[in-house]
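Trainee: I have a structure open and would like to go through it with you. Can we take it piece by piece?

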Amino acid sequence: MLNRRHIRVKVMQTLYAYKGGESDDFSKDQKFLLFSINNMYNLYLLLISLLLEVKKRADVDLQKKQKKHLATKEDKDPNKKFVNNQLLKVLADNLRLKDHLDLYKINNWELDTEYIEIIFKDILNSDIYKEYMQTRVSDFKEDKAFVIDIYKEIIAPNDKLYDYIEDKNLTWLDDLPTVNTTILKLLRKVKQTTDETHFTPKLFKEEEDKQFAIDLFKKTLLNRSALNTEIDKKTKNWDAERIADIDYILLQMAINELQNFPSIPVKVTINEYLEIAKEYSTPKSSIFINGILDKLVKEYTANGTLNKIGRGLM
């Protein structure tokens with residue numbers, strides 16, 4: 001679920017918030033980094049559980065209509081296609097997912113029911129729902145397409161839900177695109193007889209990714225003076241105050257990777273930090289960072305100090 005670029009963003013944010021020096025104790029900051037990363041899984045569970053709560057809300061709505069004192073023919077014999085949606089049933093029947101929701105204490109929607117109401121009404125008023133409910137029966141393929149569409153078109157872009165997530169945890173805003181992409185991938189790949197683990201993905205794609213986050217953070221902090229010296233040598237004509245703080249941190253991290261992470265290809269390092277700069281820094285930051293890194297790579301290559309192992313890592 002969590003890719004290397006997002007790990008770099010988390011490290012960048014933690015370094016940006018760090019106020020100490022390279023010799024100070026940064027154990028609390030490292031714990032915050034890992035907490036911020038791990039908390040991304042809570043956001044995933046929160047949003048996947050939203051689908052379950054919408055289904056429950058639809059069940060309640062159906063029961064109320066059937067129990068009305070002056071129930072119409074349609075109320076007595078309603079279209080149950082939504083509440084019987086086979087993909088939503090696969091989610092509701094997933095015991096491993098239920099265990100994770102209990103373990104991580106994901107009970108937000110029990111307390112903040114108004115957001116379920118907002119999403120539910122938006123679904124009922126949508127063309128996606130109206131088209132889906134034109135028939136009374138469907139196969140798994142149609143049910144899956146419907147759930148994917150309501151998640152992509154109604155839930156993911158919902159402004160009020162976005163504000164709610166921002167209020168609950170500011171770091172979740174950066175996690176949101178990755179989590180939404182993960183959920184849509186899982187929905188697209190799900191089968192009627194899917195494995196119980198399908199909706200409880202691993203937070204880290206690879207086992208070494210967690211250690212990569214720790215090492216990138218620690219080595220950047222511990223080598224800050226040396227890294228800054230490298231930056232200063234290539235920015236003599238620049239006023240230090242004109243260099244954005246984020247650009248400085250991204251350069252520190254990138255140079256650290258070039259020097260201390262021999263298994264990461266040079267092109268991967270440069271491309272990753274240029275993309276992060278485009279999203280998080282100034283419009284010209286990626287050009288500035290690319291220029292500095294390009295000069296350093298040429299220098300390291302000429303001096304034979306670019307420590308990269310394996311084929312194609314240059």
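Trainee: In which handedness of crossing, left-handed or right-handed, does α14 pass α15?

Mentor: Before we start, keep in mind that this is a predicted model. Look at helix α14, residues 245-260, and helix α15, residues 266-280: their axes come within 10 Å. As for the way α14 passes α15, the crossing is right-handed.

Trainee: Are α14 and α15 roughly parallel or roughly antiparallel?

Mentor: Two packed helices are described by the angle between their axes and the distance between the axes. Here the axes of α14 and α15 cross at roughly 170°. Angles over 145 degrees count as roughly antiparallel. So α14 against α15 is roughly antiparallel.

Trainee: How many residues in the contact of α14 with α15 are nonpolar?

Mentor: On the α14 side you'll find I246, L250, M253, A254, E257 and L258, and they meet V266, T269, Y273, I276, A277 and Y280 of α15. Sort the residues of that contact and you get one polar, one charged, and the nonpolar ones, which number ten.

Trainee: And how many nonpolar residues are in the contact of α1 with α11?

Mentor: Helix α1 (residues 4-17) and helix α11 (residues 172-189) have axes that come within 11 Å and cross at roughly 175°, so α1 is roughly antiparallel to α11. The contact uses H6, K10 and Q13 from α1, with D174, D175 and T178 from α11. These divide into three polar and three charged, and the number of nonpolar ones is none.

Trainee: Which helix gives the largest share of the largest nonpolar core?

Mentor: In soluble globular proteins, nonpolar side chains tend to be buried together. The largest nonpolar core here has 99 residues, with Y44, F82 and F199 touching the most other members. Its largest share is 16 residues, and they come from helix α2.

Trainee: Which leucines does F199 touch, leaving out residues up to four places away in sequence?

Mentor: F199 is one of the three core residues that touch the most other members. Among its partners are Y44, I48, V90, N94 and V190. The leucines in the list are L87, L91, L97, L186 and L187.

Trainee: R57 is in helix α2; is R57 buried or exposed?

Mentor: Leaving aside neighbours within four places in sequence, R57 is in contact with I116, E117 and F120. The cut-off for buried is under 20% relative accessible area. R57 has 18%, so R57 is buried.

Trainee: Which residue is 7.2 Å from I270, C-alpha to C-alpha?

Mentor: I270 sits in helix α15 and is buried, at 12% relative accessible area. Beyond its sequence neighbours within four places, I270 is in contact with N290, L293 and V297. The residue 23 places away in sequence and 7.2 Å away in space is L293.

Trainee: What about T235: what is its relative accessible area?

Mentor: T235 lies in the loop between α13 and α14. Leaving aside neighbours within four places, T235 is in contact with I243, F288 and I292. T235 is buried, and its relative accessible area is 6%.

Trainee: Last one: what is the phi of K105?

Mentor: Most residues other than glycine have a negative phi. K105 lies in the loop between α5 and α6 and is exposed, with a relative accessible area of 67%. Although K105 is not a glycine, its phi is positive, at about 55°.

Key. Residues numbered from 1 in each chain as written. Predicted model: local features only at pLDDT ≥ 70, side-chain atom pairs only at ≥ 80, totals over all residues. Heavy atoms only, no water. Core = buried A, V, L, I, M, F, W, Y, C linked by side-chain atoms within 4.5 Å. Buried < 20%, exposed > 50% of the residue type's maximum accessible area, 1.4 Å probe, protein only. Helix = DSSP H or I, 4+ residues; strand = E, 2+ residues; numbered from the N terminus. Contact = heavy atoms within 4.5 Å. Axes fitted to C-alpha atoms, helices over the stretch in contact; angles between N-to-C directions. Parallel < 35°, antiparallel > 145°, perpendicular 65-115°, else oblique. Left-handed = near helix turned anticlockwise from the far one by under 90°. Nonpolar A, V, L, I, M, F, W, Y, C, P; charged D, E, K, R; others polar.
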